[in-house]
Amino acid sequence: MLTRVLSGAAALLLALAGLLVAAPTASAHEELAASYPETGAVMDFAPGQVTLVFTGEVLEQDVEIEVLSGEGRDGVDGAVLHEGTRVTVPVAGLDDGYHQVRFSVVAVDGHEISGAYDFGVGELEGSRPLGAGTQEGLEAEAASSTSRGEASATGSAGPGLGLMTGVAAALGLLLLGAVAVVARRRATGLDAPSGE
């Protein structure tokens, strides 16, 4: 009997371990993987396009990208080119200084990915990143960090993983208790087959 209980306990613990490993993967959302220009890049010449690459496919009809100058002028100069995980917009008329890329897309799983980042062009003396020191900039920076998968105060993987860990710990304690009861019964002869 003890052998059967231990075998069952081992099988259950292996199944729980599999669930714990799979849980973060199952709850993961797509995010920004790369960009051109890169976050914080300072370029000698203005780029002719801005490209964003995501970890998974995004919906073509839900792509919004702005490339804003310090004066708030949008440098996007044409239609979005959508290629599965990659979106590109042509830009024109970007002067020296900082510019901010703001984006909002929807992944095929329905999850919205949005954020913002700054890059610089040419002479930056006397200018500063658009997000520096403003509430809007701080919110955009937080959104951009979250979309790149960095931990936020309300991280998406936290509750699911914590719940699974708690369930696994509780089941482990129950199994240990069951094994202890069976072992004690065997030791006192309560579990011996009748007729002996």
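**Entry 1: the two phenylalanines.** I began with burial in this predicted model, and I noted that F54 is buried and that F103 is buried as well. I then searched the whole structure for aromatic pairs, and the search returned one. F54 and F103 make up that pair, with 6.0 Å from centre to centre and 65 degrees between the planes, and I entered the geometry as edge-to-face; planes over 60 degrees apart count as such, which means that the 65 degrees found here qualifies. I also looked up where the two rings sit: F54 belongs to strand 3 (residues 49-54) and F103 to strand 7, so I recorded a link between distant parts of the chain, 49 residues apart.

**Entry 2: the sheet that holds strand 7.** I followed strand 7 into its sheet, which is open, is formed by four strands in the order 2-8-7-4 and has mixed pairing. Strand 2 (42-43) and strand 4 (64-68) are at the edges, and because each has a single partner strand, one side of each is left without a neighbour in the sheet. For strand 4 I checked the pairing with strand 7 (residues 97-106), which is antiparallel and runs over five bridges. Within strand 7, I found Q100 standing opposite L68.

**Entry 3: H82.** I turned next to H82, which I located in strand 5 (residues 81-83). Its side chain reaches the backbone oxygen of V58 at 2.6 Å. Leaving aside residues up to four places away in sequence, I listed V58, L59, E60, V63 and V87 as the residues that H82 touches.

Notes. Residues numbered from 1 in each chain as written. Predicted model: local features only at pLDDT ≥ 70, side-chain atom pairs only at ≥ 80, totals over all residues. Heavy atoms only, no water. Pairing = 2+ DSSP bridges. Helix = DSSP H or I, 4+ residues; strand = E, 2+ residues; numbered from the N terminus. Polar contact = N/O pair within 3.5 Å; in protein donor to acceptor, adjacent residues only side chain to side chain. Contact = heavy atoms within 4.5 Å. Phe/Tyr/Trp six-rings, centres within 6.5 Å; stacked < 30°, edge-to-face > 60°. Buried < 20%, exposed > 50% of the residue type's maximum accessible area, 1.4 Å probe, protein only.
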